[in-house]
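Trainee: Could you walk me through this structure? I'd like to start with its pockets and then move on to the charged pairs.

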Amino acid sequence: MMLADNGQQLKENVVSIEEWMKGDLKGSCLFGQLPKFEDGDLVLYQSNAMLRHLGRKHGAYGKKDCEASLIDMMNDSVEDLRLKYIKLIYQEYETGKEAYCKDLPNHLKPFESILSKSKSGFLVGDQISFADYNLFDLLLNHKVLCSASLDSFPALKSYVDKMAARPKIKALLECENFKKLPINGNGKQ
Amino acid sequence: MAPYTLTYFPVKGRCGALKMMLADNGQQLKENVVSIEEWMKGDLKGSCLFGQLPKFEDGDLVLYQSNAMLRHLGRKHGAYGKKDCEASLIDMMNDSVEDLRLKYIKLIYQEYETGKEAYCKDLPNHLKPFESILSKSKSGFLVGDQISFADYNLFDLLLNHKVLCSASLDSFPALKSYVDKMAARPKIKALLECENFKKLPINGNGKQ
């Protein structure tokens with residue numbers, strides 16, 4: 001979404017599970033995992049390192065150092081919730097989903113509080129940052145998982161609507177190639 | 001008055017790397033130690049943006065999230081690479097250290113008795129990438145030719161693993177050498193030998 005929003009092209013090498021299980025590609029990955037991102041000669045692993053890299057390149061890392069630090073904090077908190085989400089999806093979906101959705105408001109409250117105080121409508125400062133794309137993406141996942149989850153959070157609802165209305169993000173969300181991708185690798189959502 | 005203030009429990013926990021980076025840069029740190037009893041009252045927790053410690057203050061800037069603190073101090077003290085591509089590689093390294101730290105934390109707090117043996121048996125698989133990276137490093141640091149916040153973080157985590165799985169570094173010469181070199185840096189050596197630091201339990205539940 002950050003790439004699309006910045007009008008950047010992305011070449012995608014799609015790896016099937018069968019291909020991955022052969023082991024050659026996995027063995028060539030620095031930490032044995034995907035995604036892998038290339039910018040010229042620079043090869044990066046770790047999705048949040050990719051977000052920070054693109055944030056630096058495309059002016060989505062704040063206007064000064066203190067903003068950068070706050071953006072880091074916000075992104076790490078999004079990552080905390082993403083890890084809980086991933087654990088539910090891959091390890092506890094059938095047994096844990098109800099309790100997860102019941103507990104979710106406790107994890108959304110801080111973001112609701114931050115965004116309701118934000119003059120710009122973004123997490124930090126007066127412009128979009130990589131943490132915003134990350135939070136938006138995670139909120140979309142939660143709308144699917146726990147359907148009414150944003151109903152009691154007006155700032156989050158408004159935030160999702162505004163992000164989704166950004167023309168290039170809207171175009172991406174409506175594009176067939178993006179829409180057809182399952183959210184998660186095990187088909188659960 | 002110290003410009004940096006840390007509010008945290010009386011453990012090394014997620015603040016070991018931060019303290020070592022500050023010491024290494026000759027920086028003072030004011031520490032507000034919070035007992036569990038104090039924390040359970042709820043007032044401080046309610047005032048924390050995400051309901052958690054540590055909390056770090058640099059003048060008016062209040063930060064939560066230990067890795068955001070490491071990045072902040074990395075920026076301020078020249079420990080975030082010399083150019084943007086180095087910064088991105090440092091981010092990748094730190095995130096991989098964090099991946100292993102999360103596994104360590106899960107073991108310590110959730111599965112210590114039942115999971116420790118399997119964890120130590122599997123540990124070499126997680127150390128191999130760092131061994132590989134460091135063995136190829138001309139400088140002996142993870143990225144580029146100077147120390148970064150990711151180095152303090154990896155060093156701290158390796159110290160924890162030396163305690164948990166005692167012979168874990170034996171088959172990793174580059175990691176052994178790395179730990180020795182980091183521990184020999186004069187201001188880190190002083191911190192590691194200082195009573196206040198030595199007496200802190202690694203984790204909050206007494207397990208290590």
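**Pockets, pairs and a patch**

Mentor: Let us begin with the second largest pocket, which holds about 380 Å³ of space, and keep in mind that this is a predicted model.

Trainee: Which residues are closest to the centre of that pocket?

Mentor: Of the 20 residues that line the second largest pocket, those closest to its centre are Lys19(B), Leu29(B), Glu31(B), Asn196(B) and Phe197(B). Strand S1 (4-8), helix H1 (16-24), strand S2 (30-33) and helix H10 (195-198) of chain B are the elements that each give two or more residues to the lining.

Trainee: And how do the lining residues divide into nonpolar, polar and charged?

Mentor: The lining of the second largest pocket has 13 nonpolar residues, four polar ones and three charged ones.

Trainee: You mentioned helix H10 of chain B; which side chains meet in a salt bridge there?

Mentor: Lys198(B) and Glu195(B) do, with 3.7 Å from N to O, and because they are three residues apart in helix H10 of chain B, about one helical turn separates them. Glu195(B) counts as exposed, since its relative accessibility is 55%.

Trainee: Switching to chain A, what does Lys170(A) form a salt bridge with?

Mentor: Its partner is Glu174(A), and the closest N and O atoms of the two are 3.1 Å apart. The two residues lie four apart in helix H9 (residues 167-174) of chain A, so they are separated by about one helical turn.

Trainee: Are those two buried, partly exposed or exposed, and why?

Mentor: Lys170(A) is partly exposed because its relative accessible area is 40%, and Glu174(A) is partly exposed as well, at 48% relative accessibility; the partly exposed range lies between 20% and 50%.

Trainee: OK, which salt bridge links distant parts of a chain?

Mentor: Lys82(B) and Asp145(B) form one, with their closest N and O atoms 2.6 Å apart. The two are 63 residues apart, with Lys82(B) in the loop between helix H4 (66-76) and helix H5 (84-110) of chain B, and Asp145(B) in the loop between helix H6 (112-135) and helix H7 (149-164) of that chain.

Trainee: How many salt bridges come up over all chains, and which residues are linked in a network?

Mentor: The count comes to 29 over all chains, and a network of salt bridges links Arg52(A), Asp72(A), Asp76(A) and Arg75(B).

Trainee: Last topic: what forms the nonpolar patch on the surface?

Mentor: Leu83(A), Ile86(A) and Tyr90(A) form that patch, with about 250 Å² of accessible area together. Ile86(A) sits in helix H5 (residues 65-91) of chain A, and it counts as partly exposed because its relative accessibility is 35%.

How values were computed: Residues numbered from 1 in each chain as written. Chains lettered and ligands numbered in written order. Predicted model: local features only at pLDDT ≥ 70, side-chain atom pairs only at ≥ 80, totals over all residues. Heavy atoms only, no water. 1 Å grid on protein atoms, 1.4 Å probe; cavity = no way out; pocket = protein on both sides within 12 Å on 5 of 7 lines; lining within 4 Å. Points joined across faces, edges and corners; volume = space filled by probe spheres on them. Nonpolar A, V, L, I, M, F, W, Y, C, P; charged D, E, K, R; others polar. Patch = residues over 30% accessible without salt bridge, like charges linked within 9 Å, V, L, I, M, F, W, Y side chains within 5 Å. Areas by Shrake-Rupley, 256 points an atom, 1.4 Å probe, with all protein chains shown as cover. Salt bridge = Lys/Arg side-chain N within 4 Å of Asp/Glu carboxyl O. Buried < 20%, exposed > 50% of the residue type's maximum accessible area, 1.4 Å probe, protein only.
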